[in-house]
Each structure stands twice: as structure tokens, then as C-alpha cells.
Amino acid sequence: MEQKVVLITGCSSGIGLSLAVHLASNPAKAYKVYATMRNLDKKQRLLESVRGLHKDTLDILQMDVTDQQSILDAQRNVSEGRIDILVCNAGVGLMGPLETHSLDTIRAILDVNLLGTIRTIQTFLPDMKKKRHGRILVTGSMGGLQGLPFNEVYCASKFAIEGACESLAILLQHFNIHISLIECGPVNTDFLMNLKRTEPGDKVLEVDAHTRSLYDQYLQHCQSVFQNAAQDTEDIIQVYLEAMEAQTPFLRYYTNRALLPMSSLKLTSMDGSQYIRAMSKLIFSSPGTDAQK
Ligand SMILES: NC(=O)c1ccc[n+]([C@@H]2O[C@H](COP(=O)([O-])OP(=O)(O)OC[C@H]3O[C@@H](n4cnc5c(N)ncnc54)[C@H](OP(=O)(O)O)[C@@H]3O)[C@@H](O)[C@H]2O)c1
């Protein structure tokens, strides 16, 4: 069987790195993986993970999703001249009270998460359309399905990706191209370390005391969620494989079904009130907070 050519963005760490290693290590050499990262100085971690093996199934390419030229260069460096499976995974978080983020920071997040994903799809889509063949997998987030306080910009970027992918899915079925979102809850990666965050002690945190106290509570909630409920990247890879191997993949795959009841409140109460009440209670319900009063 012909090798499937896979290109993955954001492979310096986390989900992208794990997926690249997993596919490149396939015993039947079913995949040729182009693991891309914006900064090739970070390739050591990936190389160590494959321990020098898999030279015939793994290539590492520079690709910054905010730089159109680097996407085109990566495309030119794919020696097979085609991508069967495109994985748009690169992403960055942003946390803190909305009014503390500069517009430049907000633009930078949208540039990676939203425009970066769209640029990447735009680049590889025409060839897939011409061949009437291809799969596009996008690392989505529960933050793209439900709002989270202090994550307004991140959620906006991931909600926007949902809209772009859902819209494309309707069209692309006419080209035998399948697009799927892998909706992740918390995952043990460098994401929390890499995200841009307003620190409680930051001078820029010139917000009222009430917001500051709610933000403190949110940070505690977030820490406990990551400690108690974060999945390992291997769990996420299994869901990726399910989507890659399905004959007719779904638009959405959920990596952690325990998070679905909260999200589905949005469907049972379309005016949004139940979801807002439930999420507020979940995050801000420790004793003595205003949310309980
Ligand atoms: N971890 C979670 O809890 C979680 C939950 C839901 C969704 N997700 C999503 O999962 C995806 C992967 O994140 P992760 O958890 O694996 O975190 P991660 O370890 O921080 O990985 C993020 C990757 O994106 C790359 N990246 C950032 N900006 C880029 C750019 N301009 N061009 C190309 N690559 C860029 C990073 O590269 P550098 O090393 O150069 O920064 C890194 O390789 C993201 O889309 C994220 O939104 C994560």
C-alpha cells in the first residue's frame, strides 16, 4: 500500500510532536511524516523521541504558520509532491482579564490560531481539490465550543476555527476531502507553559479588585483541572488515529467525553443561560465568593 503523506504543524512539543513520532514509528511504515516547526533549533526533542530511527518515514521542515512564504517553502520541500493528510495543530493560548491584553497580543494570537490555520489550509487545499482526495485534521478545543472566562481571545480564535471548518466540511464533501476537528480538553503538554498569560503580580494588571480576585480563583480552578483531569498526548493520538482511519470521518471527535455534558447545555438551553450558570458555579464556587451570593 502506498505511504500516506502527512504534514503536521507545531511539532516542537506536545500533541504535534507525539503525533509525528507515533505515525513515523508505524511498523508497516504506512506514513511519511513531515513534522514542521517554526523554530528548527527546537528539533532536538523530536529527534530524541525517535532516537535517530525512522529516517525514511520522518522529515523535519521549518514552517511558521504566520509566515506565508515559510508555508510555501515547506510545501515545495515535500518530495512526494502531495499531502494526503494535513494536520493543523499549531496554537497558542492567552489567559487573563480581556482589558489587560494589548491589541498587538490579541492580533498575534489570532494570527497563529485562526489565520495560521486558514493560511495552511488555503495553501494545501487547491492540490487536494485537484486530486479529489485528502484529509484535513485540526486540533480543536473545548474552548472552541464553549466560552471560558479569562480565555476570551483564545476561545474566540477556536470558535472561529469551528466556523471555518464546519463551513468547509459542507463544501469539501463534493471533492472527497474530509475535514475533522479533534476537540481536546486539558492535555499534558507545554501549552500552559507556552501560553501568554497575565500574571496576578503583573503591573499591567490594572483591573479592579473584584476581577483580580475572580482571576485568582480561575487560575486555581485551572491548575486543579490540569492536575486532575488532563489527558496524556497518547490519548489524543488515539482519537487522531480514529479520525484518520475512518472511512467517512466525522466533523468532530471529542477526546474527553466527560466534558460533553457541560458543552451540551448550550444545546438544551439555547439562550445560553444554563451554560453560563453552570460554568460560573463550577469555576467560582469556592466558599466566600461573590458568585455564590
Ligand atoms: N494542551 C491543552 O490543554 C490543549 C487543549 C485544547 C486544545 N489544545 C490545542 O492543541 C494544539 C497543540 O498544543 P499543545 O497542547 O501541544 O501545546 P504546545 O506543547 O505548546 O504546542 C504548541 C505548538 O504550536 C507551535 N506554534 C506556536 N506558534 C506557531 C507558529 N506561529 N507557527 C508554527 N508553530 C507554532 C509551538 O511551537 P513553539 O515551540 O515554537 O512555540 C508548538 O510546537 C494547539 O492548537 C492548542 O490550542 C491544547
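How many nonpolar, polar and charged residues does the shell around the ligand have? In the predicted model, the shell is made up, by class, of 11 nonpolar, 15 polar and 4 charged residues. The residues around the ligand number 30, and of these G10, G14, A90, G91 and F191 come nearest. Several elements of secondary structure each supply at least two residues of this shell, namely α1 (14-24), α4 (103-131), β6 (134-141) and α6 (191-194). The largest share comes from α1, with 3 residues.

As regards the overall form of the chain, its secondary structure comes to 10 helices and 9 strands. The radius of gyration is 20 Å, which agrees with the value near 19 Å that a compact globule of 293 residues would have. Taken along the principal axes, the box filled by the C-alpha atoms is roughly 65 × 40 × 35 Å. Of the 293 residues, 34% count as buried. When contacts between residues at least 6 apart in sequence are considered, 75% of them join residues that are at least 24 apart.

Strand β4 (residues 85-88) is covered on both of its faces, with I85 and V87 buried on one side and L86 and C88 buried on the other. This strand pairs in the parallel sense with β1 (residues 4-8) over 3 bridges, and within that pairing L7 has L86 of β4 as its bridge partner. Strand β4 also runs parallel to β6, to which 4 bridges join it, and here I85 stands opposite R135 of β6. The two residues I85 and L86, which take part in these pairings with β6 and β1 respectively, thus belong to opposite faces of β4.

Strand β6, which is among the elements that supply at least two residues to the shell around the ligand, also holds S141. In the unreviewed UniProt entry, S141 is listed under "binding site". The residue is buried, because 29 other C-beta atoms lie within 10 Å, where 20 or more are required. Leaving aside neighbours within four places in sequence, S141 is in contact with K158, E183 and C184.

A second position for which the unreviewed UniProt entry carries an annotation is Y154, covered by the term "active site". Y154 is found in helix α5 (residues 152-172) and counts as buried, with 23 C-beta neighbours inside 10 Å. Apart from residues up to four places away in sequence, Y154 touches G93, L94, I109 and G143. One of these contacts, I109, falls within α4 (103-131), a helix that supplies at least two residues of the shell around the ligand.

Two residues other than glycine have a positive phi, and their surroundings may be set side by side. For R132, phi is near 55°, and the residue is placed in the loop between α4 and β6. R132 is exposed, since 10 other C-beta atoms lie within 10 Å and a count of 12 or fewer defines that state. For F150, phi is positive at about 70°, and the residue is found in the loop between β6 and α5. F150, in contrast to the exposed R132, is buried, with 24 other C-beta atoms within 10 Å.

Further along the chain, Y275 is found in helix α10 (residues 273-284). With 20 C-beta neighbours inside 10 Å, Y275 counts as buried, because the cut-off for that class is 20 or more. Not counting residues up to four places away in sequence, Y275 touches Q146, L265, K266 and S269. The contact with Q146 spans 129 residues of sequence, while the C-alpha atoms of the pair are 8.5 Å apart in space.

Helix α7 (residues 209-229) contains Q223. In this case the residue counts as exposed, with 11 C-beta neighbours inside 10 Å. Between the C-alpha atoms of Q223 and G147 the separation is 18 Å, the two residues being 76 apart along the chain.

Terms used
Residues numbered from 1 in each chain as written. Predicted model: local features only at pLDDT ≥ 70, side-chain atom pairs only at ≥ 80, totals over all residues. Near = placed C-beta within 6 Å. Nonpolar A, V, L, I, M, F, W, Y, C, P; charged D, E, K, R; others polar. Rg over C-alpha atoms; globule rule 2.2 N^0.38 Å. Contact = placed C-beta atoms within 7 Å. UniProt positions renumbered as here; feature names shortened; annotations may be inferred. Pairing = 2+ DSSP bridges.
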